[in-house]
There are 2 protein chains.
Amino acid sequence: MKKCLITGVNGFVGHHLLQYFDTEKTEITDILGMDYFPETATYTPQQFSYHFEQVDLTEPEPFTSLADNFDPDWLIHLAAESSVAASWREPDRCMTNNWNINYNILRFLKLRPIRYRSKCRMLAVGSSEVYGYRENWQEPLEESHPRLPYNPYAVSRVHQEDWIQLNVKWHKLNIVSTRSFHHTGPGQTNRFVIPSFIGQLQEARKNGQKTVHLQTGNIRLIRDFSDVRDMVRAYHLLLEHGQSGEVYNICCGEGVSLLNIIEILAEILELDVTIEIDETLCRRGEPPIVIGNPQKIFRTTGWTPQFSLEQTLRDMIQKQN
Amino acid sequence: MKKCLITGVNGFVGHHLLQYFDTEKTEITDILGMDYFPETATYTPQQFSYHFEQVDLTEPEPFTSLADNFDPDWLIHLAAESSVAASWREPDRCMTNNWNINYNILRFLKLRPIRYRSKCRMLAVGSSEVYGYRENWQEPLEESHPRLPYNPYAVSRVHQEDWIQLNVKWHKLNIVSTRSFHHTGPGQTNRFVIPSFIGQLQEARKNGQKTVHLQTGNIRLIRDFSDVRDMVRAYHLLLEHGQSGEVYNICCGEGVSLLNIIEILAEILELDVTIEIDETLCRRGEPPIVIGNPQKIFRTTGWTPQFSLEQTLRDMIQKQN
């Protein structure tokens with residue numbers, strides 16, 4: 001019997017989180033969703049009562065009053081400016097936006113008398129971007145490795161981690177943090193790399209083409225991709241079993257290149273694909289390899305990924321059909 | 001022949017910096033000083049022309065226009081909310097203040113075409129507070145040790161370092177950063193621990209007392225104290241020889257307890273001192289030991305401290321007399 005507040009509920013991950021809580025029978029009875037953006041689809045879940053509020057979280061009000069009235073047991077914090085490219089275009093906007101949101105949420109948690117503070121448990125979603133760029137890749141990234149943020153978005157995530165760390169220590173807040181690695185899945189918009197590939201390939205197929213010419217960024221980049229549905233299950237398990245003040249990688253521990261992904265998609269869709277690198281799609285400072293070590297979350301929660309990459313890609317193709 | 005812009009010039013360190021540049025014949029011909037606070041003493045130096053502007057650096061203007069007109073070769077950035085205690089009282093004020101100042105200064109440096117950017121060299125003064133609290137003290141702190149910020153002020157300094165690191169890398173800025181350890185010297189206000197001891201002891205001596213009863217915070221804390229006059233000389237040497245993108249400890253590499261300092265003061269002033277610990281003066285989260293390793297600045301600049309602790313204390317006593 002838990003009441004759960006979700007910030008940034010109208011994003012890709014927020015929708016999967018609602019779906020997960022609705023499919024799995026969890027301990028959640030009430031959800032209050034918040035987002036800066038209006039609801040794109042009205043959601044009528046079976047397993048819990050759901051209410052939505054359109055709120056600018058960079059301001060303390062009305063967030064604080066709404067959250068205080070709702071009195072959540074769990075707070076899942078997804079709201080953030082999370083585009084690396086946007087953070088380069090408007091670094092101060094990214095930094096102050098993410099800082100203010102995080103600040104206001106922690107401020108709300110600190111309003112209670114100290115003995116009640118740990119009653120509300122927060123899951124602070126962060127990013128593997130904090131690891132940044134390593135000149136010499138040596139081994140999958142572990143939570144104890146130094147953080148070397150290499151873009152404004154990553155710096156904003158380091159700040160989030162530091163501020164949480166401090167407040168858990170000094171104000172007895174109850175917060176588990178994640179470093180979520182790349183994730184994709186059904187419903188992700190075409191602004192992201194994998195849905196964009198799928199969109200182009202589907203389009204060609206519909207036109208009856210057998211051969212497709214793809215314009216891509218750097219397809220040699222190796223990333224550790226999880227399915228968003230595994231990701232939201234990890235969030236739930238961390239709320240149940242994670243240790244306050246700790247940060248957890250969420251990843252598979254295996255790398256795949258974007259070229260591999262194109263090959264799998266071509267196989268599923270029975271297409272011949274030729275590739276042209278478009279320099280304008282290659283972002284600066286992209287580390288060639290990002291693979292995480294997931295042992296800490298495995299040990300703490302028993303979580304392991306359930307979706308194979310091929311299954312994820314098949315489901316995405318079906319959804320886009 | 002260099003023009004030098006100094007932010008936060010009206011503080012304790014700013015005044016010593018002006019004095020240092022005036023006494024030593026350096027390459028500086030013009031100084032533009034800026035501060036949020038008005039000038040407390042008018043300064044008419046011999047060795048360079050000096051101009052002061054009262055400016056709120058948390059706003060981009062008029063700082064940007066003034067700095068642009070002045071066109072500095074060196075920029076020494078001292079301006080910051082630097083009180084740990086104040087950062088606990090008003091964490092958001094400390095964070096946004098220090099962030100905005102740093103952001104505006106780097107924004108100014110980025111206004112120039114990329115080929116001129118490295119012409120203006122900045123010294124970003126930071127703090128040993130970024131090292132934070134170590135459960136098990138093992139060895140003097142080195143620049144490569146992980147940063148574990150433990151108060152809002154320290155977090156704001158970590159953010160400063162990260163933002164600088166990013167901008168040196170991506171925008172070809174020319175910035176040397178410091179982690180300045182504790183420093184004291186003639187002219188420091190009684191809000192700080194050593195001048196406060198001296199004030200109390202002098203007062204008793206003037207009243208003809210032979211024995212003094214001191215109320216203190218935790219006097220077992222061990223710190224690595226430098227003389228402010230050594231500190232500003234280090235700043236000058238780092239502007240000349242430091243490497244852009246690097247951060248340098250400035251410290252002696254030796255620890256002394258506050259109790260030791262009281263003992264030295266009692267000896268100089270020929271007083272018997274008794275001590276009472278006042279719990280309200282003990283700050284939370286104070287690491288028992290903070291000693292830095294100064295090998296990197298030794299190697300890079302040849303700097304070594306010239307003032308012994310006893311000399312510093314004698315000069316402070318004379319100044320307060």
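A residue counts as buried if 20 or more other C-beta atoms lie within 10 Å of its own, as exposed if 12 or fewer do, and as partly exposed in between. The exercises below use this scale on a predicted model.

**Exercise 1. Confidence**

Task: State what average pLDDT chain A has, and which ipTM and pTM the predictor gives the complex.

Solution: Start with the single chain. Chain A averages a pLDDT of 93, and 100% of the residues score at least 70. Then take the complex, for which the predictor gives an ipTM of 0.71 and a pTM of 0.83.

**Exercise 2. Two residues with positive phi**

Task: Locate D71(A) and E270(A), and decide for each whether it is buried, partly exposed or exposed.

Solution: Step one is the backbone angle. D71(A) has a phi near 55°, a positive value in a residue other than glycine. E270(A) is not a glycine either, and its phi is positive at about 55°.

Step two is the position. D71(A) sits in the loop between α2 and β4 (74–77) of chain A. E270(A) belongs to the loop between α8 (258–269) and β13 (272–277) of chain A.

Step three is the count. Around D71(A) there are 14 other C-beta atoms within 10 Å, so this residue is partly exposed. E270(A) has 8 other C-beta atoms within 10 Å and is therefore exposed.

**Exercise 3. Cis peptide bonds**

Task: Find which peptide bond ending at P62(A) is cis, then do the same for P62(B).

Solution: In chain A, the bond from E61(A) to P62(A) is cis, with omega near 0°. P62(A) lies in the loop that runs between β3 (49–54) and α2 (63–70) of chain A. In chain B, the bond from E61(B) to P62(B) is cis, and its omega is near 5°. The loop holding P62(B) is the one between β3 (49–54) and α2 (63–70) of chain B.

**Exercise 4. A sheet of three strands**

Task: Work out the strand order of the open sheet with β12, β9 and β14 in chain A, and name its edge strands. Repeat this for chain B.

Solution: In chain A the 3 strands come in the order β12-β9-β14, and the pairing is mixed. The edge strands are β12 (256–257) and β14 (289–290) of chain A, each of which pairs on one side only. Next look at one pair in detail: β9 (residues 222–223) of chain A is joined to β12(A) by 2 bridges, and these strands run antiparallel. The bridge partner of R223(A) in β12(A) is V256(A).

In chain B the order of the 3 strands in the open sheet is β12-β9-β14, again with mixed pairing. β12 (256–257) and β14 (289–290) of chain B each have a single partner strand, so one side of each is left without a neighbour in the sheet. Strand β9 (residues 222–223) of chain B and β12(B) run antiparallel and share 2 bridges. Opposite R223(B) in β12(B) stands V256(B).

**Exercise 5. How the chains are related and where they meet**

Task: Give the rotation that superposes chain B on chain A, and describe the side of chain B that touches chain A.

Solution: A rotation of 180° with 0.0 Å of shift along its axis places chain B on chain A, with an RMSD of 0.0 Å. That is the relation of a two-fold axis.

Now turn to the contacts. There, 13 residues of chain B are in contact with 13 residues of chain A. On the side of chain B, the elements giving two or more residues are α4 (91–110) and α5 (152–171) of chain B. α5(B) gives the most, with 7 residues. By type, the residues on this side divide into 9 nonpolar, 2 polar and 2 charged. Of the interface residues of chain B, 92% are also interface residues in chain A, so the copies meet through the same surface.

**Exercise 6. The core and a loop residue**

Task: Name the residues with the most contacts inside the largest nonpolar core, then classify Q306(B).

Solution: The largest nonpolar core has 138 residues, and those with the most contacts inside it are I76(A), L123(A), Y235(A), I76(B), L123(B) and Y235(B). Take Y235(B) as the example: leaving aside neighbours within four places in sequence, Y235(B) is in contact with L17(B), I76(B) and L123(B).

Q306(B) is in the loop between α9 (295–301) and α10 (309–320) of chain B. With 10 other C-beta atoms within 10 Å, Q306(B) is exposed. The C-alpha atoms of Q306(B) and D230(B) are separated by 6.5 Å, although these residues are 76 residues apart along the chain.

Definitions and conventions:
Residues are numbered from 1 along each chain as its sequence is written. Chains are lettered from A and ligands numbered from 1 in the order in which they are written. This is a predicted model: local features need pLDDT of at least 70, side-chain atom pairs count only at pLDDT 80 or more; totals for chains, interfaces and linings use all residues. A nonpolar core is a set of buried Ala, Val, Leu, Ile, Met, Phe, Trp, Tyr and Cys residues joined through C-beta atoms within 7 Å. Two residues are in contact if their C-beta atoms, placed from the backbone, lie within 7 Å. Copies are superposed by least squares on the C-alpha atoms of residues with pLDDT of at least 70 in both. Helices (H or I, at least four residues) and strands (E, at least two) are DSSP runs, numbered from the N terminus. Ala, Val, Leu, Ile, Met, Phe, Trp, Tyr, Cys and Pro count as nonpolar, Asp, Glu, Lys and Arg as charged, and the others, Gly among them, as polar. Two strands pair if DSSP finds at least two bridges between them. pLDDT is the predictor's confidence in each residue, from 0 to 100.
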